[in-house]
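Me: Hi! I've got a model open and a few things to ask about it. Mind going through them with me?

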Amino acid sequence: MKSKALFITQAAAIAAIYTLLTCFAGAIGLANGSIQLRFSEILTVLPFFTPAAIPGLFIGCVLSNILTGCVIWDIIFGSLATLLGAIGTYLLRKKSCYLAPLPPIIANTLIVPFVLSYAYGVPDGIPFLMLTVGAGEILSCGILGIVLIKALTPVKNRLFQPQS
């Protein structure tokens, strides 16, 4: 019972932090559009530490997309991209920490440009949008995500392991 409550609490905390960071990025114009730098995407490496991050990231992305005024297709497919990335990161958790950011980078780079083009009518071509979205994902998930993994690794057992 205690570990189930901890799982739900961790997922809720991750969802809340993801939402807060996305809303902050949205307030300064970086959360949506063809050039995106969502600070919240740094958190997509958290499934490296805990499976609770998978629903946390998904729920956080859904809430963020609703709160920042995204269209339904972005709410659905953008959130699914985050979910796929989180699952991929969790599956790679026993490999090198440097592989952890790859699933969210790949999922968002492949899915989000189509959402931008078809749901929002962004006139840039899909390849260009893949480049811009991919660059933002490399910065947030890849570079800053690895920094987060390195910072959390010394305290991972206190933050992410169920208390007995």
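Me: How far is the sulfur of Cys 23 from the closest cysteine sulfur?
Reply: The closest one belongs to Cys 70, and at 9.9 Å that is too far for a bond. A disulfide here is a pair of cysteine sulfur atoms within 2.5 Å. Bear in mind that this is a predicted model, where local features need pLDDT of at least 70, side-chain atom pairs count only at pLDDT 80 or more, and totals for chains, interfaces and linings use all residues. Residues are numbered from 1 along each chain as its sequence is written, and side-chain values use heavy atoms, with hydrogens and water left out.

Me: OK, how many disulfides does the structure hold?
Reply: Zero. Cys 97 is in no disulfide either, with the nearest cysteine sulfur, that of Cys 141, 14 Å away.

Me: And is Cys 97 buried or exposed?
Reply: Cys 97 counts as buried, at 12% relative accessibility. Cys 23 is partly exposed, with a relative accessible area of 29%. The cut-offs are under 20% relative accessible area for buried, over 50% for exposed and in between for partly exposed (1.4 Å probe, protein chains only).

Me: New topic, rings. How many aromatic pairs turn up?
Reply: Five across the whole structure. Rings of Phe, Tyr and Trp (its six-membered ring) pair if their centres lie within 6.5 Å; planes under 30 degrees apart count as stacked, over 60 as edge-to-face and the rest as tilted. One stacked pair is Phe 49 with Phe 160, at 5.1 Å centre to centre and 10° between the planes.

Me: Which parts does that pair tie together?
Reply: Phe 49 is in the loop between H1 and helix H2 (53-67) and Phe 160 is in helix H6, so the pair joins parts 111 residues apart in sequence. Helices (H or I, at least four residues) and strands (E, at least two) are DSSP runs, numbered from the N terminus. Both rings belong to buried residues: Phe 49 has a relative accessible area of 10% and Phe 160 has 11%. Ring pairs also link Phe 48 with these two into a cluster.

Me: What about Phe 114 and Tyr 118?
Reply: They are stacked as well, 6.3 Å centre to centre with 10° between the planes. They sit four residues apart in helix H4 (residues 102-120), which means about one helical turn separates them. Phe 114 is partly exposed at 36%, while Tyr 118 is exposed at 64%.

Me: Now pockets. How much space is in the largest pocket?
Reply: About 210 Å³. A pocket is an open set of points on a 1 Å grid over the protein atoms alone, where a 1.4 Å probe fits, with protein on both sides within 12 Å along at least five of seven lines; lining residues have an atom within 4 Å of a point. Grid points are joined across faces, edges and corners, and the volume is the space filled by probe spheres set on the points.

Me: Which residues lie nearest its centre?
Reply: Phe 49, Thr 50, Pro 51, Phe 160 and Gln 161, out of twelve lining residues. H1 gives the most to that lining, with four residues.

Me: And what lines the second largest pocket?
Reply: Its lining residues include Gln 10, Ile 14, Leu 43, Leu 152 and Phe 160. The volume of the second largest pocket is about 180 Å³. H1 gives the most here too, with four residues.
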